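User: Please take a close look at the enclosed spaces inside this model, and at the parts of the chains that surround them. I would like one connected account rather than a list.

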Amino acid sequence: MVPITLIVIAINLLAIGLIIAFRQEKAKAIAVGAAVVSLLLSLLMIVNFVHSGNQLGPLYIPYLNLGLTFGLTGISAVLLLMSEIVILVTAVSGNTEKAGFKASASLISLFQIAAFGIFTSTNLLLFFVFWDIGVVAMFLMINVLGSERRKAASINFLLYELFASAMLLLAIILLYTYTPIHSLNISYLISAVTVLPANVKVAVMLALFLAFMTNMAIFPLHSWLPDAYTEASTQGSMLLAGILTKFGGYGMIILFMLSGLMGNYLSYIGGLAAVSVIYAALMIIRQKDLKRIVSYAAMLEMGVILFAISASNSVATYGAVYGMLSQGISIALAFLAVGAIKSIFDERNIDRLRDIVSGSKSVSFAFATSALSILGFPLTSGFIAAILIFFGAVQGFGIYGLVPLIGVLIMGGFMYSVIGNCFLSKTKPLKPSTLPTASQRFGFYALAFAIIAFGVLPFLIMGLLRL
Amino acid sequence: MFALILVLPFILSGILAMVLRNDKLSGPIALGAGIVTIARIAILYFNNPGVQSVNWFSVGPYTFTLIASAGPMHLIFLALISFMSTMVILYSLGFMNVRSERNLYYMMISFFAAGMMLFAVGADLITLFIGWELIGLASYLLIGFWRYKESAIKAANKAVIVLFIGDVLVFAGIALLWSQLHSVSLSYIEANATGAIASISALLIVAGALTKSAQFPFHEWLTAAMEGPTPVSALLHSSTMVKAGAFLIAIMLPFILGAGLGPILIGAGIASVVIASINALSTTHIKKVLAYSTIEDMGLIFIALGFNAIWAAVLLFVFQTFYKGLIFMNAGILTKSNKDETDIRKISTSKRLGIILPLIIGVAAVAGVFPLGGFFGKIAVVSAVQNYAVYAVLLVVEIISSMYIFRWLFVPLANSKSKKKSKSDYAVPNSMLAAVYILSFMVLATSIAWIYLSGILHGPMITYQAAAIFTVLLAIGLVLSYLLYYRKLASNAKLRNSLSRISDIGIAINAVYKLVILIVNGIGAAVDLFDYNLYSGLKGTGYGLGRISVLLEKTENGSINYYLGAFVVAAIIAIIVFSVI
């Protein structure tokens, strides 16, 4: 049987071809169709995985031990599900600027390939290939569809991501050369790294860590993030913050699973993550642009997730995965809401935005839901993530496991006052010029529903993770 | 399961209020939900489901369980919440008559009540925390309900930020406890939590409870929260919100006292009581006086808890619900009949018996005139004090609190002596009066019931001596207040100035809040600058590399002579270097 991933790739390539061939009015429909099919196929793949485990494909370079092998783990299944939901919603409602239909639709399909591939690849070479496809898709998305300063932002983004790719490639070469049977299979590497020479271990660790850290936008390698997120168009921000940073998060979890590689560095990495969280929180309170606020919130969340990963116990790692699930959906929703606010009020400055709730209830509901989820409010997915992350972090780090809460505290105070001032306050209200379109409202409700569903029914995901 | 059934009516009424287009129905629907809930809780008394738990999800070897309990404390709290919510909704039917956005209002009130009841049934920290956060959010929206007022939004932001600090502290405490015990069930914690980690987490939880109960140093949000509609204040101050903190401490009391935090409870309580009573004496905002009175009552409850006098705490807890609800509703009637005036110096009251009698009952109950609720509650607390310094402070505070609450009564009364107004000026919607009458009745009924019940239930015994001391102090405050504010002896400006000068502690506390925000902002500015420099530095490095490349480019100019010359020079250098080595 042909691996499902290959079918998805074929479908999305076909979709890109069709988008280019047809007129631009059809572009969105084709991309949505491809996203729906991909979502269904991902569900099929997850169901297969739950029932019968992984079915690995053939090795296509047998003597190099490399192959088109695709499969899932509990962790990647969750991330796959998240990214498929986000991509579908992005395809339906992401284009709040109502421009560049063909480019937008085809790049979403291209990114679909990357996202589906990376979370189903079972060896690091495929992981690398899909990683770079994702980076290219996002680069183009910022460069072609972004706002005024998009060129600089996209180059900045590309430079950082190229550095990450180079580091990833370096680590792959090292791992391939020094492992006894020359395999890049992740499940094999997890136990095989113990036999590596000590200096190679350090080099691999450092290279992989730098690669994933850059992608996750951890301080001090975060400078690409605010510009890239802010200058990207809405669908670009949604995919970038929602899914692309999860590539690094997923990689980071794999890195920490490589046995014994990180053992000596856990507390340093935890410290770095905590600094990143507080740094992002302090940056948030200086921002005036709603989109930049959401960008730094995304950075903060990724810091929290790295913190959880570095606590390196099962509860915290589950928390990190749940955090990525939650953060992906919530941040995508927040960016979608901000994009809609921009198109409704033509304004993103929090000093001038007032009374959004009278202008559009659905936008306010969407933004509030995502903000509450980011803050870990009960009955949203963020709460489950927060429970697991901090319970696990305290288990790993003792009382120091609570340090990132300082960042969450600062962000929370600011977020609530933004909601109060911009969404609720009726003093000097802004007049809305339009209403959110039906497709945008679909996006709001679909993602908000996902946030609440994952917040109330966490056992669904936990059952998957346990596999 | 019983917990879900319990909160269902209010959730349904909230959803209906959200969905309905007609704004006339949402109020009665919410009222109906309240009545159903009261009935449901009455059934719980006779058919007690005990403790029920449901497994929420499990991670590795650990299972997260939601536990609901219908123990005595939970039931008392549930009864108070459902009763007061219903009364407040009844009162709101009249109060919200002239305003738009009624559906939104009843939706929030319904969700608030539902969250509060979820909190009240919680017997594990996660369930409690879920309810805790829900009421925080709902109260945020309710405090900022008059969205056209900038002050309302500011007050809501202030409240929510302080409450969020509390949320984070409680969450941190829960995380610490879980990491030690791998359980958040209250009964398990009570039996097994020991050691330093447990003490720290107890401290965090107590700090969180202080924010919710508006105790020193987190108390200023409550006075700002007076920007909310009056029924909301009545609800927040009587049975819900501020009680949540005390309730959390009360059901975890053995654990918290076991961690040695009694003195912290007492200290926070004493500080709150002193600050609140002094501030209440100078405030002229009709609802802020009552807000300070709430802070004082909650301070007394915390003192009782600190001395492990759970009975005294519960007693005041129950009585305070009724009398604080009543007096806030009276305040609403006063402001409503004075064209939304909130300065007590400008408010006058109708002399109609139907209006003035509940007012007097409310004030007397707050002050603690025998035989009304405050009398038993406050004496029980004061009698539970086992420390002479604390005892002495409470006695002094008692005079002040009697003074300010009677001032609250006498100033409007004195105003209505001079002003001539027709009866129609004081017209009040019937539903507001109905709620006030029911509550007046409840204040009287609970007080009388207690006189009979105290023997049967083996509650805290009140000695004649304590009662006599209390009543004398109360009378001193009453007489002082009468002379100063009704006979207008305080009208000379000098006295008033000196009174307000010593009592403006609120300003200082707010200044501290502002300072904290300023400091955080300052650090943020520094980080911002650093980030900018980091970014510029990276850009500068890129630019520098580019310049180097331009320089190197000049060496590649295509001239054979130049290349040959360079080759010869390099060869000579190489020979010299190698020969030296």
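Analyst: By residue class, the lining of the second largest cavity is made of 12 nonpolar residues, with no polar and no charged ones. The model is a predicted one, and this cavity holds about 110 Å³ of space. Its lining consists of B:Met73, B:Ile76, B:Phe77, B:Ala246, B:Phe247, B:Ala250, B:Ile301, B:Leu305, B:Ile310, B:Ala313, B:Val314 and B:Phe317. Two or more of these residues come from each of four elements of chain B, namely helix H3 (72–95), helix H11 (242–251), helix H14 (286–306) and helix H15 (310–336). Of these, H15(B) gives the largest share of the lining, with 4 residues.

One of the four helices, H11 of chain B, can be followed back along the chain. The loop between H10 and H11 of chain B holds B:Met241, a residue other than glycine whose phi is nevertheless positive, near 40 degrees. Most residues other than glycine have a negative phi. B:Met241 counts as buried because its relative accessibility is 0%, where the limit for that class is under 20%. On the other side of this loop, helix H10 of chain B, residues 230–238, is mostly covered, with 9 of its 9 residues buried. The buried residues of H10(B) are B:Thr230, B:Pro231, B:Val232, B:Ser233, B:Ala234, B:Leu235, B:Leu236, B:His237 and B:Ser238. For chain B as a whole, buried residues make up 56% of its 581 residues. The chain contains 23 helices and 2 strands, and its C-alpha trace spans about 115 × 60 × 60 Å along the principal axes.

The search that finds this cavity covers the whole structure and returns 9 cavities of 30 Å³ or more. The largest of them has a volume of about 270 Å³. It is lined by 23 residues, of which A:Leu375, A:Gly376, A:Ala386, A:Phe390 and A:Val408 are the closest to its centre. Its lining draws on both chains: at least two residues each are supplied by helix H12 (290–311), helix H13 (314–345), helix H15 (361–374), helix H16 (381–397) and helix H17 (404–424) of chain A, together with helix H5 (125–143) and helix H6 (150–181) of chain B. The largest share, 6 residues, comes from H16(A). Whereas the second largest cavity has no polar and no charged residues in its lining, the lining of the largest cavity divides into 15 nonpolar, 5 polar and 3 charged residues.

Several residues in or between these helices of chain A help to place the largest cavity in its surroundings. A:Ala385 is in helix H16 of chain A, and with a relative accessibility of 4% it counts as buried. Its C-alpha atom is separated by 21 Å from that of A:Leu72, although the two residues are 313 residues apart along the chain. In the loop between H15 and H16 of chain A lies A:Leu379, which counts as partly exposed because its relative accessibility is 33%. A:Leu379 also belongs to a nonpolar surface patch of about 660 Å², made with A:Phe365, A:Tyr445, A:Ile452, A:Val456, A:Leu457, A:Phe459 and A:Leu460. Two or more residues of this patch come from each of helix H18 (438–456) and helix H19 (458–465) of chain A, and H18(A) provides the largest share, with 3 residues.

Two further loops of chain A adjoin helices that contribute to the lining of the largest cavity. A:Ser312 is placed in the loop between H12 and H13 of chain A; it has a positive phi of about 60 degrees although it is not a glycine, and at 36% relative accessibility it counts as partly exposed. A:Leu435 is found in the loop between H17 and H18 of chain A and counts as exposed, because its relative accessibility of 59% is over the 50% limit for that class. The C-alpha atoms of A:Leu435 and A:Ala340 are 8.7 Å apart in space, while the two residues are 95 apart in sequence.

Technical notes: Residues are numbered from 1 along each chain as its sequence is written. Chains are lettered from A and ligands numbered from 1 in the order in which they are written. This is a predicted model: local features need pLDDT of at least 70, side-chain atom pairs count only at pLDDT 80 or more; totals for chains, interfaces and linings use all residues. Side-chain values use heavy atoms; hydrogens and water are left out. On a 1 Å grid over the protein atoms alone, a cavity is a set of points where a 1.4 Å probe fits but cannot get out, and a pocket is an open set with protein on both sides within 12 Å along at least five of seven lines; lining residues have an atom within 4 Å of a point. Grid points are joined across faces, edges and corners, and a volume is the space filled by probe spheres set on the points. Ala, Val, Leu, Ile, Met, Phe, Trp, Tyr, Cys and Pro count as nonpolar, Asp, Glu, Lys and Arg as charged, and the others, Gly among them, as polar. Buried means under 20% relative accessible area, exposed over 50%, partly exposed in between (1.4 Å probe, protein chains only). Patches are made of residues with over 30% relative accessible area and no salt bridge: like charges are joined within 9 Å, nonpolar side chains (Val, Leu, Ile, Met, Phe, Trp, Tyr) within 5 Å. Accessible areas come from the Shrake-Rupley method with a 1.4 Å probe; for residues, only the protein chains shown count as cover. A salt bridge is a side-chain nitrogen of Lys or Arg within 4 Å of a carboxyl oxygen of Asp or Glu.
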